[in-house]
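Hi there,

Here is the structure I promised to pass on. Have a look at it first, and then read on for what turned up.

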Amino acid sequence: MIVFDNVGKSFGSHRVLDGIDLHIHAGEKIVLLGPSGSGKSTLLRTINALETIDEGHITVLGRTLPGSKTEEQQLRRDVGMVFQNFNLFPHMSVLDNVCLAQIQARKRPRAEAEATAMDLLAKVGMAHKAKAFPMQLSGGQQQRVAIARALALRPQIMLFDEPTSALDPEMVSEVLQVMNAIAAQGMTMVVVTHEMDFARKVADRVVFMDHGRILEQAPPAAFFSHPRTDRARAFLAHVVRERAKTGKLTPLDRELAQVVAGNPSA
Ligand code: ADP
Ligand code: MG
């Protein structure tokens, strides 16, 4: 479904993606991990052609990037994306936010767009807020609407870029539940998240990046119990330390703490 073949990208002299080779199969759930600045968002954004690449090729749903403008527009309809900061249109109701792209990009009649929107809003538990405006909603509610909006185009792939990082802790689980439900329906998903429990439960494969390179790829059980590189161990130690500050360590966090304990680079 998604193939990266020796992909490179630089911003000026800064190499942000470096020799990326990655194959993602239909229905697979990938969790992309790595320290801040390692290139996760950039990698994600190349999948739906929001970022161009300098070297190599990316094939997504049979289309090779870089492609023509038209091909890239088509691609963005088939690849839904959810961002950290929801990016809902503030002057539009929840319902209109979920209808807009359906009407403009898919040319659906309004009645059909609204029916689809209401169906999806019900699935994310937000049908009762269809008439509300984004600023009247909590962050978790806005993010669930953003997910419904992305699903409204019936994408074949869903990309999530730290979808819970901007949320208050009590709202994280409502968004993760929606993502779990999408995963259970067989969607191909690429998710950047620091929610290690989600990675452990939902991911088929964890991809660990640092400095624009993929350093490790493994099923979550293997990655979390036996990270192979010092960089991955240091990263996991950092995540556990951050979690410890919130005072809410999960059993997995404790396990991770043990895995990384005693490692001098952690
Ligand atoms: P991550 O999502 O892993 O934190 P990013 O992909 O956002 O990393 O960024 C990787 C690197 O590229 C960072 O050093 C960042 O500062 C840089 N970068 C990202 N976008 C741009 C841009 N538009 N212009 C210049 N540098 C950028
Ligand atoms: Mg990022």
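Let me begin with a pair of helices. H3 passes H5 in a right-handed crossing. Please keep in mind that this is a predicted model.

Two packed helices are described by the angle between their axes and the distance between the axes. Here, helix H3 (residues 94-104) packs against helix H5 (residues 139-151) at about 25 degrees, and their axes are 8 Å apart. Angles under 35 degrees count as roughly parallel, so H3 is roughly parallel to H5.

Which residues bring the two helices together? On the H3 side they are Val94, Asn97 and Val98, which meet Val145, Ala148 and Arg149 in H5. By character, the residues of this contact of H3 with H5 divide into four nonpolar, one polar and one charged.

Now to the sheet. Four strands form an open sheet in the order S2-S1-S4-S5, and the pairing is antiparallel. At its edges are strand S2 (14-24) and strand S5 (63-65), each of which pairs on one side only. On average, neighbouring strands of this sheet are turned by 25 degrees against each other, ignoring direction.

If you zoom in on the S5 edge, you will find strand S4 (residues 55-60) paired with S5 over three bridges, in the antiparallel sense. There, Ile58 stands opposite Leu65 in S5. These two strands also have a helix against them: helix H2 (residues 69-78) lies across S4 and S5, and runs at about 115 degrees to S5.

Happy to go through any of this with you.

Best wishes

Methods: Residues numbered from 1 in each chain as written. Chains lettered and ligands numbered in written order. Predicted model: local features only at pLDDT ≥ 70, side-chain atom pairs only at ≥ 80, totals over all residues. Heavy atoms only, no water. Pairing = 2+ DSSP bridges. Axes fitted to C-alpha atoms, helices over the stretch in contact; angles between N-to-C directions. Contact = heavy atoms within 4.5 Å. Parallel < 35°, antiparallel > 145°, perpendicular 65-115°, else oblique. Left-handed = near helix turned anticlockwise from the far one by under 90°. Nonpolar A, V, L, I, M, F, W, Y, C, P; charged D, E, K, R; others polar.
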